[in-house]
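Okay, hi everyone, thanks for letting me take this slot. I'll put the sequence and the structure up, and then we can walk through them together.

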Amino acid sequence: MNGSTMTQAIAVTAFLQFSGLLPQCLPVLPAPQARAVQETVNWIGQILEQENNITCDNPLLFEGSDGQFEAVMGCNCSNTQVGYSMDLLSTVMAELGRGLLKQEAPAILWQRLATLAMQVSGDSIPTKGGQEDHVEFNYTAAEKAAESACVLAAMLARCSR
C-alpha cells in the first residue's frame, strides 16, 4: 500500500464514521440547512468513489518467471480532490458541532473541531530554492477528518446523556 491508497483508506473511514453520526445531527437542523449538509455529504461520497475507482481500475501487469501475471497498482494519483473533500468534511463537522452542540459540550471539544476545520490540503508549494514542488498534504486532510469524526462523536455522546 502506498501513500495514495493509505490516504484514500483513511478518507473513506472518516467519511463512513461521519455518515454514521449524520442521522443524529440532521433531524435537529432547519430543513434548508439539513438539505445542504446532506447534499454536501453526497458530493463528498461521489468524489471518494470516483477517486478510489481511478486508483483501483488502472493496474499494471508484470509477467513473472513462472508465466503468471501480477497486478500492481498503476495509478500515481495525487489525491488532490480527496484532500479538498476531506477539508470540506472537517468544516461540515465543525459547523455541526458549533451549531448543534457548542452550548452543551465542553469548550475544549468544539474548539478542537474548529481547529480541525482549517484547510491543510495543498497541491504545490515553494520548497528548496524557491522552486515549486508537489507536496501532498491530502493524507493530513484525511487524518484531520478522521479526528473530526471522533471529536464530533464524543460531543454527541456527551450531549445525549
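I'll start with the chain as a whole, then go through some helix pairs, and finish with a few single residues.

Before anything else, please keep in mind that this is a predicted model. So what is the secondary structure of the protein chain made of? There are 5 helices and 4 strands. If you read along the sequence, the pattern goes α-α-β-β-α-α-β-β-α.

Now some totals. The protein chain has 161 residues, and 38% of them are buried. The area that the chain exposes is about 9100 Å², with 54% of that coming from carbon and sulfur atoms. And here's one on contacts: take those in the chain with a separation of 6 or more, and 70% of them are between residues 24 or more positions apart.

Okay, on to the helices. I'll take H3, H4 and H5 in pairs.

Let's begin with H3 and H5. H3 covers residues 80-101, and its axis comes within 8 Å of the axis of H5, crossing at roughly 20°. Are these two parallel or antiparallel? An angle under 35 degrees counts as roughly parallel, and therefore H3 and H5 are roughly parallel to each other. Their crossing is left-handed. Who makes the contact? On the H3 side you have, among others, Tyr84, Asp87, Ser90 and Met93, and on the H5 side the list includes Ala141, Lys144, Ser148 and Leu152. Sorted by class, the residues of this contact come out as 13 nonpolar, 6 polar and 2 charged.

Next pair: H4 and H5. H4 is residues 107-116 and H5 is residues 138-159. They pack at about 160°, and the axes are 10 Å apart. Here the cut-off is over 145 degrees for roughly antiparallel, and therefore that's what we call H4 and H5. This crossing is left-handed too. From H4, the contact uses Leu109, Trp110, Arg112, Leu113 and Leu116. From H5, it includes Lys144, Glu147, Val151 and Arg158. The split by class for H4 with H5 is 8 nonpolar, 1 polar and 4 charged.

And the third pair, H3 and H4. What angle do they pack at? It's about 155°, with the axes 8 Å apart. H3 and H4 are therefore roughly antiparallel, and H3 passes H4 in a left-handed crossing. Ser90, Met93, Ala94 and Gly97 are the H3 residues here, and they meet Leu113, Ala114 and Leu116 of H4. There are no charged residues in this contact, just 5 nonpolar and 2 polar.

Alright, let's zoom in on single residues, and stay in H5 for a moment.

Find Lys144, which sits in helix H5. Is Lys144 buried or exposed? The relative accessible area of Lys144 is 8%, and buried means under 20%, so Lys144 is buried. Leaving out residues up to four places away in sequence, Lys144 touches Asp87, Ser90, Leu116, Ala117, Met118 and Val120.

Further along H5 there's Val151. This one counts as buried as well, at 9% relative accessibility. Its contacts, apart from neighbours within four places in sequence, are Leu109, Arg112, Leu113 and Leu116. There's also a nice pair of distances here: Val151 and Ala94 are 57 residues apart in sequence, and 9.4 Å apart in space, C-alpha to C-alpha.

Now jump to helix H1, residues 3-25, where you'll find Leu22. Leu22 is buried, with 5% relative accessibility. Which residues does Leu22 contact, once neighbours within four places in sequence are set aside? They are Pro27, Val37, Gln38, Val41 and Leu96. Take Val41 from that list: it lies 19 residues from Leu22 along the chain, and their C-alpha atoms are 9.3 Å apart.

Last stop, Phe137. Look for Phe137 in the loop between strand S4 (132-134) and H5. Phe137 has a relative accessible area of 29%. Partly exposed is the class between 20% and 50%, so Phe137 is partly exposed. The C-alpha atoms of Phe137 and Tyr84 are 9.8 Å apart, for residues separated by 53 positions along the chain.

That's my tour, thanks for listening!

Definitions and conventions
Residues are numbered from 1 along each chain as its sequence is written. This is a predicted model: local features need pLDDT of at least 70, side-chain atom pairs count only at pLDDT 80 or more; totals for chains, interfaces and linings use all residues. Side-chain values use heavy atoms; hydrogens and water are left out. Axes are lines fitted to C-alpha atoms, for helices over the stretch in contact, and angles run from 0 to 180 degrees between N-to-C directions. Angles under 35 degrees count as roughly parallel, over 145 as roughly antiparallel, 65 to 115 as roughly perpendicular and the rest as oblique. A crossing is left-handed if the near helix is turned anticlockwise from the far one by less than a right angle, and right-handed if clockwise. Contact means heavy atoms within 4.5 Å. Ala, Val, Leu, Ile, Met, Phe, Trp, Tyr, Cys and Pro count as nonpolar, Asp, Glu, Lys and Arg as charged, and the others, Gly among them, as polar. Buried means under 20% relative accessible area, exposed over 50%, partly exposed in between (1.4 Å probe, protein chains only). Accessible areas come from the Shrake-Rupley method with a 1.4 Å probe; for residues, only the protein chains shown count as cover.
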